[in-house]
Amino acid sequence: MRIRIVDAFTDRPFAGNPAGVLLLDDAFPDDDRLQNIALEVNHAETAFAHRLPGDAEADWALRWFTPATEVNMCGHATLATAHVLYGTGAHRGPVRFATRSGVLIAAPGEDGSITLDFPTAPLTPVEPPEGVAEALGAEPLTAFDTGPNIGDLLLELADEKTVHALRPDVKALAAYSERGVIATARAENPDLGYDFVSRCFFPKVGIDEDPVTGSAHTALAPYWSQRLGRTDLTGLQASPRSGRVRTALRGERTLLTGRAVTVIEGELLV
């Protein structure tokens, strides 16, 4: 079985968000085996996919595992999987993935980019939970629940510098949402090519800080589109590896566009 490590939401190696990708010959093996492989890969997510019969509602079945658990939605590992499918010739054109979050679509662009079609996260305003400012290390201006698919707490902070400077108590942040906390702010200088910044902390699923989170942008896109008055935006995820996600809000769907680079290819021996 071939296993690949793909850096997603970047056009260069050793940046963006790395994901393991395994294309399976048959149906998924038992969950313990999938979880053990993801733990061995030890990246934020490892994606497992197998082809579906021609009469199915989707082309491939897709699941995502962190080193600790299976997750409902993952953008960067979906982008990485589509990149592998196109690069190996296993699929051409738009690909439909059957997932825990319904059918998700990836489509190749003429410029080499890949666009994901994901459900837009519903945003519900909430009061910032008691203690979250201390755990994060900054006072939030607003707080939003992002719904069941991603299960994050979205917090807007005062400015971009505050987001960059965060040094949170990530273990303490695990108490405030189902998956984690998204910290965001308006870009200080949009002339640099991005409209907002974010950082994502997911200790509850075994990821202290995620390098670039596609799924979080299904919440960031509607949030910043409303504030900035535009449906097409670019987000910079300001993790140490960093990466950019182009977002296009289309009502109940959000389009996420980025590139990917395969950096390692090998064979799973066990």
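Trainee: How many disulfides does a search of the whole structure find?

Mentor: Zero, in this predicted model. The general idea is that a disulfide is a covalent bond between the sulfur atoms of two cysteines. Here, the sulfur of C74 has its closest cysteine sulfur in C200, and at 11 Å that is too far for a bond. C200 is in no disulfide either.

Trainee: Are C74 and C200 buried or exposed?

Mentor: Buried, both of them: C74 has a relative accessible area of 4%, and C200 has 0%.

Trainee: Let's move on to helix α2. Which residues does it cover, and what span does it reach?

Mentor: Start with the general picture: an α-helix has 3.6 residues a turn, so residues three or four places apart point the same way. Now the case here: α2 takes in residues 75-88, and its 14 residues reach 20 Å from first C-alpha to last, close to the 20 Å expected. Just after α2 comes G89, with a positive phi of about 80°.

Trainee: How many residues of α2 are buried?

Mentor: 11 of the 14, so call α2 mostly covered. Among them are H76, L79, V84 and Y86.

Trainee: Which residues touch the most other members in the largest nonpolar core?

Mentor: In soluble globular proteins, nonpolar side chains tend to be buried together. In this structure the largest such core has 35 residues, and W64, V95, F97, A106 and L116 touch the most other members. Helix α2 gives the most to this core, with seven residues. Look at V95 too: its contacts include A82, L85 and Y86, as well as W60 and L104. Another core, of 20 residues, lies apart from that one, with V132 and L157 among its members.

How values were computed
Residues numbered from 1 in each chain as written. Predicted model: local features only at pLDDT ≥ 70, side-chain atom pairs only at ≥ 80, totals over all residues. Heavy atoms only, no water. Disulfide = S-S within 2.5 Å. Buried < 20%, exposed > 50% of the residue type's maximum accessible area, 1.4 Å probe, protein only. Helix = DSSP H or I, 4+ residues; strand = E, 2+ residues; numbered from the N terminus. Expected span 1.5 Å × (residues − 1). Core = buried A, V, L, I, M, F, W, Y, C linked by side-chain atoms within 4.5 Å. Contact = heavy atoms within 4.5 Å.
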